[in-house]
Amino acid sequence: MAAIFAARTAAALHRQPRVIAVDSAAKLGAKILIAGGGRCNVTHEVVTPDDFNASNRNQLAKVLRSFTVQQTVAFFAELGVALKREETGKLFPVTDRARTVLEALLQASHDSGVELVTGAKAERIEVDGEEFVVTTSRGSIRSRTVVIAAGGRSVPKTGSDGSSYLLAESLGHSITPLFPALVPLLLPPQHWLTELSGVSLEAEARVTNGRGKVMARRRGSMLLTHFGLSGPLILDISRHWIQAHQSGLPARLEVSLAKMTAEELEQMITGAAVSHPRQTVAGVASFFTSDRFGRNVITHETDMEPDQRLGQLTRAARDQLVRVLTSLMIPVTGDRGFDYAEVTAGGVPLQEVDSATMESRARPGLFLCGEIMDVDGRIGGFNFQWAWTSGRLAGIHAAQKLRIENCKL
C-alpha cells in the first residue's frame with residue numbers, strides 16, 4: 001500500500017522518483033495468503049478505535065479516518081477485487097481466495113511503476129546528509145525518504161522476524177514491550193479440558209487481576225485443543241492475559257458458559273429444583289454447553305456427581321454449580337508464542353510519528369506504518385485495515401516530501 005500510493009502520488013505531482021519496495025522474502029505476500037484460513041479477511045464492515053489496543057487512541061482515530069472502510073472497499077473494487085460481507089461483519093473477497101487479493105496488489109504495484117526487489121533483507125538504515133542509505137543483502141540504496149513497513153514478530157517464517165524494530169531504534173525511536181497477540185493459550189499437560197480437543201463452546205472470557213477486578217471481557221467461540229485453548233474468543237482475550245501476566249499482575253482467566261449472571265442462574269437452578277427435582281446437575285451444565293462437556297465440568301470442577309439430582313442439592317453444592325458455569329477458572333500456563341500469533345502487540349509508540357502523515361518525529365524523511373507501530377486490533381480484519389490505512393498514508397506523504405525530481409523513494 002505504501003509503495004502503490006507513493007508511486008501514484010508522485011505521478012499526480014508530475015514527478016518521476018524511483019519507488020523501490022524491498023522485501024526479504026523471495027515470494028511476496030505470505031501473510032496475506034495464510035490470513036483468514038487462506039481466504040484473507042480484508043477488513044470489517046465497521047472499524048472504530050475501540051477495536052484496537054494502541055498507545056494513543058486519539059492519534060489512532062485520526063489515522064483511521066484518513067482511509068475508511070468504504071474507501072478500502074472502493075480501492076479493492078478498483079483493483080478488480082469485489083468483497084462480500086459475512087454474518088460476523090467480516091469482509092472477504094467473493095472468490096474466497098487470498099491469492100486474489102495478493103495478485104491484485106502486485107498488479108497495482110506494477111501498474112504504478114513500483115520496482116519490487118525480493119530476497120533482499122534490509123540490514124541497516126543510515127543517514128548521510130539529506131539522504132538515507134539502506135543497506136540490504138543485495139546492495140545499498142540511497143533515498144531521500146524511507147518507509148519502514150516491515151511488520152512485527154508474528155509468524156517469523158513469513159519474513160517478519162522483528163528486525164524492523166532494530167531499524168527503527170537505530171533511527172531514534174523507542175519500542176514498547178513486545179508480546180504475541182491473537183495467539184492460542186496453553187494449559188497444563190493432561191488438563192481435563194485438553195482431553196476434549198475439538199469441542200467448541202460459546203462463552204464469555206474475562207481477565208481479572210485476582211481480586212475480582214475485570215481488566216478485559218470478550219464473548220465469542222472458544223475451541224478446546226490438545227494443547228489448550230484457541231478460537232476467536234481466546235485469540236481476542238489472549239493479549240490482555242499476556243500483558244497482565246508480563247506486567248507482574250496476578251492475571252486470571254475466567255470463563256462464563258451461562259448467558260446470564262450468577263444471580264440469574266442461581267434463581268433458575270432454585271426454581272428448577274422445585275419444578276424438576278429429578279433433573280441432574282450435568283443436565284443443567286449441558287443446557288449451556290454439550291452433554292460431553294457438561295459431565296466433564298461437573299466431574300473435574302465440583303464435588304458433585306454428574307447424575308446428582310437438583311432436588312438433592314445443598315446450598316453449598318448449588319453455589320458450586322453456579323460458580324463453574326459463570327466463573328470457571330482456567331489455569332493458563334502461557335501462550336504459543338510469536339510462531340502462532342496473528343499479530344504483534346507493542347512497537348513504536350504512535351506519539352513518535354505525525355498521525356497526519358506517519359512521518360517520524362525523530363527523523364524527518366522517515367515514515368513508519370503497519371505492525372511496527374504500537375497498534376494491534378482484535379480478530380476480524382481490523383489489523384489489515386490498519387495496514388491498508390497507515391501504509392497508504394505513509395506512502396502518500398513520503399512522495400509529497402520529495403522536493404526534487406528523479407530521486408529514489
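**Exercise 1. Place E371 in its surroundings.**
Which residues does E371 touch, not counting residues up to four places away in sequence?

*Solution.*
Step 1. List the contacts: E371 touches K31, G151, G152, S154, Y165, V343, T344, G346 and W386, with residues up to four places away in sequence left out. The model is predicted.
Step 2. Find the position in the chain. E371 lies in the loop between β22 (366–368) and β23 (375–377).
Step 3. Decide whether E371 is buried. Its relative accessible area is 15%. The cut-off for buried is under 20%. Therefore E371 counts as buried.
Step 4. Look at T344, one of the residues touched. The side chain of E371 reaches the backbone nitrogen of T344 at 2.6 Å.

**Exercise 2. Work out a strand order.**
What is the order of the strands in the open sheet of three strands, and which are the edge strands?

*Solution.*
Step 1. Read the order: β2-β5-β4, with antiparallel pairing.
Step 2. Pick out the edges. β2 (43–44) and β4 (83–85) each pair on one side only, so they are the edge strands.
Step 3. Check one pairing. Two bridges join β2 to β5 (residues 90–93), and these strands run antiparallel.
Step 4. Name a facing pair: T43 stands opposite L91 in β5.
Step 5. Recall the background. Strands of a sheet pair through backbone hydrogen bonds, either parallel or antiparallel.

**Exercise 3. Examine two positive phi values.**
Where are C40 and D96 found, and is each buried or partly exposed?

*Solution.*
Step 1. Start with the general rule. Most residues other than glycine have a negative phi.
Step 2. Take C40. Its phi is near 65°, a positive value in a residue other than glycine. C40 sits in the loop between α2 (30–34) and β2. Its relative accessibility is 0%, so C40 is buried.
Step 3. Take D96. Its phi is near 60°, again positive in a residue other than glycine. D96 sits in the loop between β5 and α5 (98–112). Its relative accessibility is 29%, so D96 is partly exposed.

**Exercise 4. Trace the partners of β16.**
How many bridges does β16 form with β13, and how many with β17?

*Solution.*
Step 1. Describe the strand. β16 spans residues 252–256, and four of its five residues are buried.
Step 2. Turn to β13 (residues 200–208). β13 and β16 pair in the antiparallel sense over five bridges. T208 stands opposite R252 in β16.
Step 3. Turn to β17 (residues 328–330). Three bridges join β16 to β17, and the strands run antiparallel. The bridge partner of V255 in β17 is L328.

Methods
Residues are numbered from 1 along each chain as its sequence is written. This is a predicted model: local features need pLDDT of at least 70, side-chain atom pairs count only at pLDDT 80 or more; totals for chains, interfaces and linings use all residues. Side-chain values use heavy atoms; hydrogens and water are left out. Two strands pair if DSSP finds at least two bridges between them. Buried means under 20% relative accessible area, exposed over 50%, partly exposed in between (1.4 Å probe, protein chains only). A polar contact is a pair of N or O atoms within 3.5 Å; within protein, one must be able to donate a hydrogen and the other to accept it, and residues adjacent in sequence count only if both atoms are side-chain atoms. Contact means heavy atoms within 4.5 Å.
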